[in-house]
Amino acid sequence: MELEGVITAVLAGTMFRVKLKNEHEVLAHISGKMRKKFIRLVIGDGVKLEMSPYDMDKARIVYRL
């Protein structure tokens, strides 16, 4: 499923803490295409996430808004 959120913390190893619109916080990593294109992310950026319905604590960042 796809959701939107805002980056609240930048962690080591291209990991990010993202706050969703429903106030839930998840741990997210960058997708391969974003790494390949050298897309930079900073605190406060809006992002689009892909999440599995089976693990609601982890996500993958696929787009910067």
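**View 1. Glu 23 sits in the loop between strand 2 (15-20) and strand 3 (25-30).** This is a predicted model, and here we look at the turn of a hairpin. Strand 2 and strand 3 make up that hairpin, with 4 residues between them. Glu 23 isn't a glycine, yet its phi is positive, at about 70 degrees. As a rule, most residues other than glycine have a negative phi. How accessible is Glu 23? Its relative accessibility is 57%, so Glu 23 counts as exposed.

**View 2. Strand 3 shows its two faces.** Which side chains of strand 3 are buried? Val 26, Ala 28 and Ile 30 are, and they point to one face. Glu 25, Leu 27 and His 29 point to the other face and are not buried.

**View 3. Leu 27 has a partner in strand 2 and another in strand 5.** On one side, strand 2 and strand 3 pair in the antiparallel sense, over 5 bridges. Arg 17 is the residue standing opposite Leu 27 there. Then there's strand 5 (residues 55-64), which runs parallel to strand 3 and is joined to it by 4 bridges. On that strand, Lys 58 is the bridge partner of Leu 27.

**View 4. Phe 38 is another non-glycine residue with a positive phi.** Look for Phe 38 in the loop between helix 1 (32-36) and strand 4 (46-52). Its phi comes to about 55 degrees. Is Phe 38 buried or exposed? With a relative accessibility of 62%, Phe 38 counts as exposed.

**View 5. Lys 48 meets the ring of Tyr 63.** The charged end of Lys 48 sits over that ring, 5.4 Å from its centre. As for rings pairing with rings, the structure holds 0 aromatic pairs.

**View 6. Stepping back, the protein has 1 helix and 5 strands.** Starting at the N terminus, the elements go β-β-β-α-β-β. The radius of gyration is 11 Å, close to the 11 Å that the globule rule gives for 65 residues, so the protein is as compact as a globular protein of that length. Its C-alpha trace spans about 30 × 20 × 20 Å along the principal axes. Of the 65 residues, 28% are buried. Among contacts with a separation of 6 or more, 46% come from residues 24 or more positions apart. The protein exposes about 4500 Å², with carbon and sulfur atoms supplying 55% of that area.

Note on methods
Residues are numbered from 1 along each chain as its sequence is written. This is a predicted model: local features need pLDDT of at least 70, side-chain atom pairs count only at pLDDT 80 or more; totals for chains, interfaces and linings use all residues. Side-chain values use heavy atoms; hydrogens and water are left out. Rings of Phe, Tyr and Trp (its six-membered ring) pair if their centres lie within 6.5 Å; planes under 30 degrees apart count as stacked, over 60 as edge-to-face and the rest as tilted. A charge sits over a ring if NZ of Lys or CZ of Arg is within 6 Å of the ring centre and within 35 degrees of the ring normal. Buried means under 20% relative accessible area, exposed over 50%, partly exposed in between (1.4 Å probe, protein chains only). Two strands pair if DSSP finds at least two bridges between them. The radius of gyration is taken over C-alpha atoms; the globule rule is 2.2 Å times the number of residues to the power 0.38. Contact means heavy atoms within 4.5 Å. Accessible areas come from the Shrake-Rupley method with a 1.4 Å probe; for residues, only the protein chains shown count as cover.
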